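Student: I should like to go through this structure by question and answer. Where shall we begin?

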Amino acid sequence: MEYDTKGGVLKKDVDWKQLFFYRKSDVLYQMTVEFCHRYLPLYGDRTVDQMVQAARSGKQNIVEGSEDGKTSSEVEIKLINAARGSIQELCSDYQDYLNTHHLDLWPTDSPRQQRLREFCHSHNDYSAYAPLLTKMNDEEMANMAITLCHQTDTMMRGYLARLERIFVEEGGIKERMHAARTGYRKAQDTHIKALEAENQQLKAEIATLKLRLQVMEEELRKARR
């Protein structure tokens, strides 16, 4: 997150489409839609709506936070935190699915979880996941989604820490606008004082020239007598 180097009060635009945690959140959304369609009943189960909505909310809050962050750091921080909450809720839903269907949550030190973690860490776009999902069962998909949830959350925590540091050091738009106005007024005051000093100097020079001219005219009159 950077500010305009020319002293503007708005932050530089963030291309949220290139944020790794946004791209992973998009993978989670598309994966969740596929998972629910494949393994959960389409009607009569609120879990489907909850999981899809949590996945969508995580993705959309990142978009809205990045857009609103151009003018309000406070709103950006709030919405990214909301995105974290949605992703954590989604992670819990996948864990519940494993528990209620008597499936395994893969231990972090197991070889297949390590391979899964490395793959998710290295790939951020759904196009890399889609071919694998067609071959996965529900346990494998749920463990992949949980891994993505953890990685996305970790990235968002790092991003939030940076946003909060910048906000503490540089303030939000209100503080920057106040600083810009104060700086402008100081520059104007300095410029006015410089003009006033120059004006006084010119007046002094004009008075000196008038005096010299009077002396020269008096000498000229004397020479003519």
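Tutor: We begin at a helix start. In this predicted model, local features need pLDDT of at least 70, side-chain atom pairs count only at pLDDT 80 or more, and totals for chains, interfaces and linings use all residues. Residues are numbered from 1 along each chain as its sequence is written, and side-chain values use heavy atoms, with hydrogens and water left out.

Student: At the start of H6, which backbone nitrogen does a side-chain oxygen of Asn137 reach?

Tutor: Helices are DSSP runs of H or I with at least four residues, numbered from the N terminus. The oxygen of the Asn137 side chain comes to within 3.1 Å of its partner, the backbone nitrogen of Glu139.

Student: What length does H6 reach from its first C-alpha to its last?

Tutor: H6 covers residues 138–170, 33 residues in total. The expected span is 1.5 Å times one less than the number of residues. That gives an expected 48 Å, and the helix comes close to this with 47 Å.

Student: Which element gives the largest share of the lining of the largest pocket?

Tutor: Lining residues have an atom within 4 Å of a pocket point; a pocket is an open set of points on a 1 Å grid over the protein atoms alone, where a 1.4 Å probe fits, with protein on both sides within 12 Å along at least five of seven lines. The lining includes Trp106, Arg117, Asn143 and His150. Two or more residues each come from helix H4 (111–122) and H6. The largest share, five residues, belongs to H6.

Definitions and conventions
Polar contact = N/O pair within 3.5 Å; in protein donor to acceptor, adjacent residues only side chain to side chain.
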